[in-house]
Number of protein chains: 2
Amino acid sequence: MNTVDAAASARKAARIMAGLSSEDKNKALAKIAELMLSQTDEITKANAEDLKRSQNEALAAPLLKRLKFDHTKLAESAEGLRSLIGLDDPSGRTLLVNELDDGLELYRVSCPIGVIGVIFESRPDALVQIAGLCLKSGNALLLKGGSEARATNRILTDLIIKAGQEAGLPDGWIYLLETRADVQEMLKLDQFVDLIIPRGSNEFVRYIMDNSRIPVLGHADGVCHMFIDSTADPQMAVKLTVDSKTQYTAVCNAMETLLVHSDHAQKLLPELAQALMEAGVDMYGCDRVSALLGCPEVENWHTEYLDLKISIKLVDSLEDAIDHINTNGSGHTEAIVTSDKDKAAKFMLLVDAGNVFWNCSTRFSDGFRYGFGAEVGVSTSKLHARGPVGLDGLMTYKYKLLGHGQTVGEYADGTRRFSHRKLDRSCPL
Amino acid sequence: MNTVDAAASARKAARIMAGLSSEDKNKALAKIAELMLSQTDEITKANAEDLKRSQNEALAAPLLKRLKFDHTKLAESAEGLRSLIGLDDPSGRTLLVNELDDGLELYRVSCPIGVIGVIFESRPDALVQIAGLCLKSGNALLLKGGSEARATNRILTDLIIKAGQEAGLPDGWIYLLETRADVQEMLKLDQFVDLIIPRGSNEFVRYIMDNSRIPVLGHADGVCHMFIDSTADPQMAVKLTVDSKTQYTAVCNAMETLLVHSDHAQKLLPELAQALMEAGVDMYGCDRVSALLGCPEVENWHTEYLDLKISIKLVDSLEDAIDHINTNGSGHTEAIVTSDKDKAAKFMLLVDAGNVFWNCSTRFSDGFRYGFGAEVGVSTSKLHARGPVGLDGLMTYKYKLLGHGQTVGEYADGTRRFSHRKLDRSCPL
C-alpha cells in the first residue's frame, strides 16, 4: 500500500475508532499484550537481526542500547499496555455544560482527534507505547520508526494489526511507514492527517514544522535553569543542583544554567562549584563567576549542553533571575530554590515556561513522573498541550447541542430568550 | 514604531500582563468603557470620516453597515466590556492536581498564552471586543483591522492605550498595525507572537496558515448539513430546515446541504421543497431529488452557497447520511432531526465535526448563543480549541511542582517511590 492510500484508510478507520466502546479498546489492548508475550521468540529474533546489522554499520553504543528489545523490555512493554487498560477512557467525557434555554442543552464532550502521524526514534518499545496510547484514545495512527529498528518494528506492527483484527478494530487503524519518502508524502496529507508528533532533535522537529501544514506537537530545545535565591537552604541547593545537572545529562529536562543570588558569592557559590566539580561537571561563568571560580566565561546563554557542562551566573535579584530566564530560556522547565513562599509564587507566576518548580529537581518534568502513565512527548508549544503530554494531548472535543425543535429565528425576534445557566450533569448521549 | 519593535514590546508587556490581578484587569476594562463613553463625539466623528471615504470608494452597502460605529454600537461595545468584568478570571485556575509523593505536589494551572496577533474585518466593534478579551485573559495584542475603518480603529486604540496607562497596564500591551506590510512582518515574528487569529474568508485564513510558522486559530468553510431521519417529526423538520437555511444565509453556520431519508421521498420532501420555495430558496438535487422536484442537479457536494441556494439529497439510511457528511462536510456544524434517541446518539458520536446538533437549527453554533460571552472566532481546527472560541481559547497552562528538596536520583535508585494520588485542591501559589 502507498502512503496516500494508507492515510485515506486511516481516516476511514479513525471514524470507526471514535465509536468504539471502552471495552472494545481494552480488549484489543489485552490482545496485543497477549500476542506479544506469545511471540517473544520471533520478536527477539527480529530484534537480533536489527542489532547485528546496526553493529555492522557501527551504530553508537547508546543507540544500540536503545534499539535492544529483549525479554525484559518486551515484558515491560506488555505490562505498559495492560496498565493502559486500567486508565479511564479519555473519550466521551463531559467537559462543560450550558443550558441555553429550557430543553436546549449544550455539552462539550471529549473525542479523539482522528489520525495521528508519529515519527519516533529507534526504540521499539516506543512503537508499542504509542500504539497503545492511540488505541486507548481512539485515534488511528501512521507510524515511522528509526530505520535501524526496521525488522523489530515490522514484526511488532504486524502483530498489533493481527491482534486488532481479532479484537474487532477496523482495518487500517495502524500503518507503518517504511521510508523517509513515505514521511515526506505524509507531511503533505493534511486532508487525512490531523496531527504530527515528531520525537527527536530540535532541528528535526523544526524541519517537520517548516515542511507541513499539519499541526505539529513537539518540543524545541530544553535550556532549563535553576535559580538559587538568597533565602535558599544551602544543603538543598547543592543537592538539587547536582541532581538537576548530572542525574541524566542527555535529556531535555536536565539543567543547563545555574543562576545564583549574589548574596551567595562568597560561601554557597564555591560549595556549589565544589559539588559540581566532584560530579565531573565543567563550569562556564559570567564575568563575576569566572573571576571567583577561575573558570572560562560563557559564550552563549542559550546553550543546551546535554553533557557534563554548566553555565553559572550571579544575579542580584529575583527579578533579574526571571528576566534572564524569560530572555534566554526555552520555555521547558525552570526551578527556584528558596525558603520564601512569596518569592516562589512570583517566580512561578512570571516565568514563562511549561513547567515551573519550587524546591525540587528539574528532572521531574516527565510524563511518567507526573503520573500521566505513558507520554507521547513533551511540548514546548503553548497551544493545545504544554509540557509532558499523555492521553489528554490526543483528545479534542465536540459540542453536542440537544434541542426540541428550537430555531434561531425565535431568539432573534425576541419570542424566546437564552437562559445561559451552568448545569452539573453528564451528556445523556 | 515598527512592527518588530512593537512585537518585542508586546512580548515584554505580556510577561507583566500574566502577573496582573483580576482587580487590575477589571479596573482597566472599566476605564476603557468609561473613556469610550466620554469620547463619543470624537469617535463618531472619526467613524464619519471612514464612512465618507468608503462611500466615495463605493464600498458595498453591507460593508458600510458593518463599518458604521454610531452611538448605539458604541454604547453596546462599552456594555460588552463591562460584561467581561463580571466573568471569572480565566487565569490562575487549577485544572489538575497530582500528588507525586508526600510533599511533592503537581498542579496544572491556567495562564495566558502571551502575545496574540488578530487580523479582523472592518467592524470597529470587533476591535473593542478583541481588546477586551485579550485584556481579561492577560494577553498582549497586535491588531490589524480593515483599512476602511482606519480612523475609527486609530482613535479607539489610542483611547484603549490611554485608559490602560491610567489603570496601570504595561506599555506596549496593545498595538495597532496599519498596513498589509506590517501584517507580513508580523507573520515572520514567531519569536514574539504566540498565536495568530485571522477573521475573514476561508482563502484568507488559508493564506495566513501557509505564510507563517506561528500557530493559527481560524476556520475553514462551513458546509453544514441537516439530516431529516425517517422518524423525524415532519413539522419540526420543515421549521428547522427553513431556519437553518434562511435565518441568515451569509454566515458559516447556515445549512448548505439537506439530507432527507428516502422514506420521505413522496410526502415530506415535497413539503420541505414547498417551504424552501416560499422562502425564496433555489434548490439543487441528487438525481432522485432532481427527478422528483424537477430542479437542477448538484454539481459539487462540497459547496458553501452563503446564499438562498441549497443542495438536497435523498439517503437510504443513517449510515449513508453520516458517510456523506464525513466525506463532504467541513467539520463545522451538522444536525440531525429525529425522534429516535439512539439514532441521535450514533449521529453525534460518529459525525466528525466541532458541533453536532439534535433537533435544533444549525444557526445556534455561535459563541454568544453558546453563552461564552464574546467570541474571538470559530475554529474548524481540532487542535487547541474547536468550535466557537471564547476566553478559554486565549489560555494555556503551566505545570507548577512544589517540593521540599526532592531529587530524581532518590526515585531512580528506589529510595523513594511515587504515590501518584489524585488530590482535590487548588494550587496554593
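**Helix packing, sheets and the two-chain interface**

In chain B, helix H5 (residues 71-85) packs against helix H6 (residues 124-137) at an angle of about 10°, and their axes lie 10 Å apart. (Helices are DSSP runs of H or I with at least four residues, strands are runs of E with at least two, and both are numbered from the N terminus; axes are lines fitted to C-alpha atoms, for helices over the stretch in contact, and angles run from 0 to 180 degrees between N-to-C directions.) H5(B) and H6(B) are therefore roughly parallel to each other, a label used for angles under 35 degrees, with over 145 counted as roughly antiparallel, 65 to 115 as roughly perpendicular and the rest as oblique. This is a predicted model, in which local features need pLDDT of at least 70 and side-chain atom pairs count only at pLDDT 80 or more, while totals for chains, interfaces and linings use all residues. Residues are numbered from 1 along each chain as its sequence is written, and chains are lettered from A and ligands numbered from 1 in the order in which they are written.

On the H5(B) side, the helix contact is made by Lys73(B), Ser77(B), Gly80(B), Leu81(B) and Leu84(B). H6(B) answers with Asp125(B), Val128(B), Gln129(B), Gly132(B) and Lys136(B). Two residues are in contact here if their C-beta atoms, placed from the backbone, lie within 7 Å. Sorted by class, this contact has three nonpolar, four polar and three charged residues (Ala, Val, Leu, Ile, Met, Phe, Trp, Tyr, Cys and Pro count as nonpolar, Asp, Glu, Lys and Arg as charged, and the others, Gly among them, as polar).

Chain B also has an open sheet of four strands, in the order E5-E4-E3-E6 with parallel pairing; two strands pair if DSSP finds at least two bridges between them. Strand E5 (174-176) and strand E6 (195-198) of chain B sit at the edges with a single partner strand each, so one side of each has no neighbour in the sheet. On average, and ignoring direction, neighbouring strands of this sheet are turned by 15° against each other. Three bridges hold strand E4 (residues 140-144) of chain B and E5(B) in the parallel sense, and Leu141(B) has Ile174(B) as its bridge partner in E5(B). H6(B) turns up again here: it packs on the sheet, touching strand E3 (115-119), E4 and E5 of chain B, and its direction makes about 165° with that of E4(B).

Now for the place where the chains meet. In total, 65 residues of chain B are in contact with 64 residues of chain A. E15(B) gives the most to the side of chain B that touches chain A, with eleven residues. By class, that side has 31 nonpolar, 20 polar and 14 charged residues.

E15(B) also pairs across the interface, running parallel to strand E12 (residues 355-360) of chain A over five bridges. Within this pairing, Phe357(A) has Leu401(B) as its bridge partner, and Cys360(A) stands opposite Gln406(B). The outcome is an open sheet of ten strands with mixed pairing, ordered E9(A)-E10(A)-E8(A)-E7(A)-E11(A)-E12(A)-E15(B)-E2(B)-E1(B)-E16(B). Strand E9 (282-285) of chain A and strand E16 (421-422) of chain B stand at its edges, each with a single partner strand, so one side of each is left without a neighbour in the sheet. On the chain A part, helix H13 (residues 318-328) lies across strands E7 (224-228), E8 (255-261), E10 (309-315) and E11 (333-337), running at about 140° to E10(A).

A turn of 180° with a shift of 0.0 Å along the axis lays chain B on chain A with an RMSD of 0.1 Å (a least-squares superposition on the C-alpha atoms of residues with pLDDT of at least 70 in both copies). That is the relation of a two-fold axis.
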